[in-house]
Amino acid sequence: MEVVLIGAGNVATQWGTAFQEKGYSVMQVYSRTLDSAKALGEKLQVPYTQQIQDVVREADLYLFAVKDSALPEIVKVFPPVEGLAAHTSGSVPMDVFAGYFDRYGVIYPLQTFSKTRAVSFENIPIFIEANNRDDENQVEKMASTFSDQVIRLSSEKRRQLHLAAVFACNFTNYLYTVAARILEEHDLPFDVLIPLIRETAAKVEEMPPILAQTGPAVRNDKNMIDKHLEMLRDYPDRQELYRILSESIYKETIL
């Protein structure tokens, strides 16, 4: 299979590396910015371009790994191709390609990616969809060379999955950032929280998250909650965040 990468960010970088490791041919990298296209093209040692009209037309798969907001605009101006177009988004419906491509689908890996941190696709669930059965079978076969968990999923269910992932990953990571700020302001290292973070994550592999919940909110320890809110009096955003989360935790645990 010959692949063209549309985009040169975190997701495209990881997919490009994974494709080459599995013996697939990455024919070209396209990005709207030359620096990004060049960086990934040189990393993969393949041709690159920032000109949409110069995208090669002979690829089997055109993998669109771009921002959700940019995807519709790129699709509209993409040159006609016979290969399969697929995006990697969790929240954009497959039909974003309708009317512009005859063959299209979705290849959504449920993972957080960075350019510089290597990941193993083997343990990443990949959710797929295509506008016809033959291509869906083909995508499933290809994705199965990367992951042991390839799951067919509709656009609507994928949107719900992505929403859940934002809570589980993006919001959680932001809370790590808040915690890091508090520690920094009092000359304490973030590293002291790592064992706690690891154990919390490990517990939800063995029990429902609600049963793993601990802390003052689940106990409705108003005395401790009020003390924490007072400590946050000079940080109204943090104080409001603490209040909302504590109330939500307590309501969830008494349902």
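Visitor: Ala, Val, Leu, Ile, Met, Phe, Trp, Tyr, Cys and Pro count as nonpolar, Asp, Glu, Lys and Arg as charged, and the others, Gly among them, as polar, so how do the residues lining the second largest pocket divide?

Guide: The model is a predicted one, where local features need pLDDT of at least 70 and side-chain atom pairs count only at 80 or more, while totals for chains, interfaces and linings use all residues. Residues are numbered from 1 along each chain as its sequence is written, and side-chain values use heavy atoms, without hydrogens or water. In the second largest pocket (an open set of 1 Å grid points where a 1.4 Å probe fits, with protein on both sides within 12 Å along at least five of seven lines, lined by residues with an atom within 4 Å of a point), the lining holds 21 nonpolar, 17 polar and four charged residues.

Visitor: And which residues lie nearest its centre?

Guide: Gln111, Thr112, Phe113, Cys169 and Asn170 lie nearest the centre of the second largest pocket, out of 42 residues that line it.

Visitor: Which elements supply at least two of those lining residues?

Guide: They are helix H1 (10-21), strand E6 (104-109) and H5, and H5 brings the largest share to this lining, namely 11 residues. Helices here are DSSP runs of H or I with at least four residues, strands are E runs of at least two, and both are numbered from the N terminus.

Visitor: Switching to the largest pocket, which element gives the most to its lining?

Guide: That is H5, which contributes 12 residues to the lining of the largest pocket.

Visitor: How does that lining divide into nonpolar, polar and charged?

Guide: The lining of the largest pocket has 29 nonpolar residues, alongside nine polar and six charged ones.

How values were computed
Nonpolar A, V, L, I, M, F, W, Y, C, P; charged D, E, K, R; others polar.
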